[in-house]
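Okay, thanks for coming, everyone. I'd like to walk you through a structure that is new to most of us, so let's get it up on the screen.

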Amino acid sequence: MSETIITRCDDLPGPEELNEAYELELQSQNGKPIRFGELVAGKGGHITTIVIFIRHFFCAYDQEYVRVVSRRLTDSVLSTLPNPAGPSQLIIIGCGDPQRIVPYVSETEATFPIYTDPTGKIYEKLHMKRTRSNMTQPPSYAQISFLSALGKTFKQMFRSGWQAFRGGNWGQNGGEWVFRGCQCVYVHRMEHVSDHLTADRLLEVLNHDEPAETK
């Protein structure tokens, strides 16, 4: 059996809180609204949905993370995962202006649908943390130094003109969520700037045969 430790049940949102989150609207790259619940359950209860909440769109660490995940968790991998994980879909949610989605896809080579909530309400409702701690400590999934990451961030901001400050809240952290049978079965909230689950770790979570039960 995998050594993956599923997040404790009391870390999962309650049914009422989750239903309220499902009703919140996100935006696509063209600004079209879509309910969070539709993204999670729109393809039916037999589909496992992985939701990666990222930091601001200019975060170089997160850009590296999305690039690695896109190469590791391809559509082929997700569609052929054994039960109870597969088939699966993966979506990414940010907290900046929807006009930053297209440049983000170009920068990261993201292969997954990306949506955003400029208001940050979905992050707040799901109790994701705000902190800038560990900013100077590059994560294992980002083969880039802190100074290089900082330079890359400011270079992108400079090129973006008036959108430089519309990438999202710099202190907002995200995390990884897994929904199975239209229920939330796993939660990992980032504790600091460099705390996304690695792609391999996420695969371990997906293949775990005893997902946590909600209360």
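So, to get going: what percentage of the 215 residues in the protein chain is buried? Turns out it's 52%. And please keep in mind as we go that this is a predicted model.

Let's do the overall picture. The protein chain has eight helices and seven strands. If you lay the C-alpha trace along its principal axes, you get a span of about 45 × 35 × 30 Å. For 215 residues, a compact globule would come out with a radius of gyration near 17 Å, and the protein chain has 16 Å, so that agrees. Now take contacts between residues at least 6 apart in sequence: 75% of them join residues at least 24 apart. As for the outside, the protein chain exposes about 10,200 Å², with 51% of that supplied by carbon and sulfur atoms.

Okay, on to the inside. The largest nonpolar core is made of 35 residues. Who has the most contacts within it? That would be Ile 52, Val 69, Leu 73, Leu 90 and Ile 92. Several elements chip in at least two residues each: strands 3, 4 and 7, plus helices 3, 5 and 8. If you want to find those on screen, strand 3 is 48-53, helix 3 is 60-72, and strand 4 is 88-94. Then helix 5 is 101-108, strand 7 is 183-189, and helix 8 is 199-206.

Zoom in on Ile 52 for a second. Leaving out residues up to four places away in sequence, Ile 52 touches, among others, Tyr 65, Val 69, Leu 90, Ile 92, His 196 and Leu 202. There's also another core, lying apart from the largest one. That other core has 23 residues, including Tyr 22, Ile 34, Val 40 and Tyr 123.

Now, charges. Side chains of opposite charge can pair when their charged atoms come close. How many salt bridges do we count here? The count comes to eleven.

Take Arg 67 and Glu 107, whose closest N and O atoms sit 4.0 Å apart. Arg 67 is in helix 3 and Glu 107 in helix 5, so this pair ties together parts that are 40 residues apart in sequence. Is Arg 67 buried or exposed? Buried, with a relative accessible area of 11%. Glu 107, on the other hand, counts as partly exposed at 25%.

Glu 107 also has a salt bridge with Lys 152, at 3.6 Å between the closest N and O atoms. Lys 152 is in helix 7, residues 146-159, and is 45 residues away from Glu 107 in sequence. Through shared partners, Glu 64, Arg 67, Glu 107 and Lys 152 end up in one network.

One more pair: Glu 109 and Arg 71 meet in a salt bridge, 3.4 Å from N to O. Those two are 38 residues apart, with Arg 71 in helix 3 and Glu 109 in the loop between helix 5 and strand 5. Arg 71 is exposed, at 57%, while Glu 109 is partly exposed, at 48%.

Last thing, backbone angles. Glu 109 comes up again here, with a positive phi of about 60 degrees even though it is not a glycine. Asn 134 is another non-glycine residue with a positive phi, near 65 degrees. You'll find Asn 134 in the loop between helix 6 and helix 7, and it counts as partly exposed at 27% relative accessibility.

That's my tour, so over to you for comments.

Terms used
Residues are numbered from 1 along each chain as its sequence is written. This is a predicted model: local features need pLDDT of at least 70, side-chain atom pairs count only at pLDDT 80 or more; totals for chains, interfaces and linings use all residues. Side-chain values use heavy atoms; hydrogens and water are left out. A nonpolar core is a set of buried Ala, Val, Leu, Ile, Met, Phe, Trp, Tyr and Cys residues joined through side-chain atoms within 4.5 Å. Buried means under 20% relative accessible area, exposed over 50%, partly exposed in between (1.4 Å probe, protein chains only). Helices (H or I, at least four residues) and strands (E, at least two) are DSSP runs, numbered from the N terminus. Contact means heavy atoms within 4.5 Å. A salt bridge is a side-chain nitrogen of Lys or Arg within 4 Å of a carboxyl oxygen of Asp or Glu. The radius of gyration is taken over C-alpha atoms; the globule rule is 2.2 Å times the number of residues to the power 0.38. Accessible areas come from the Shrake-Rupley method with a 1.4 Å probe; for residues, only the protein chains shown count as cover.
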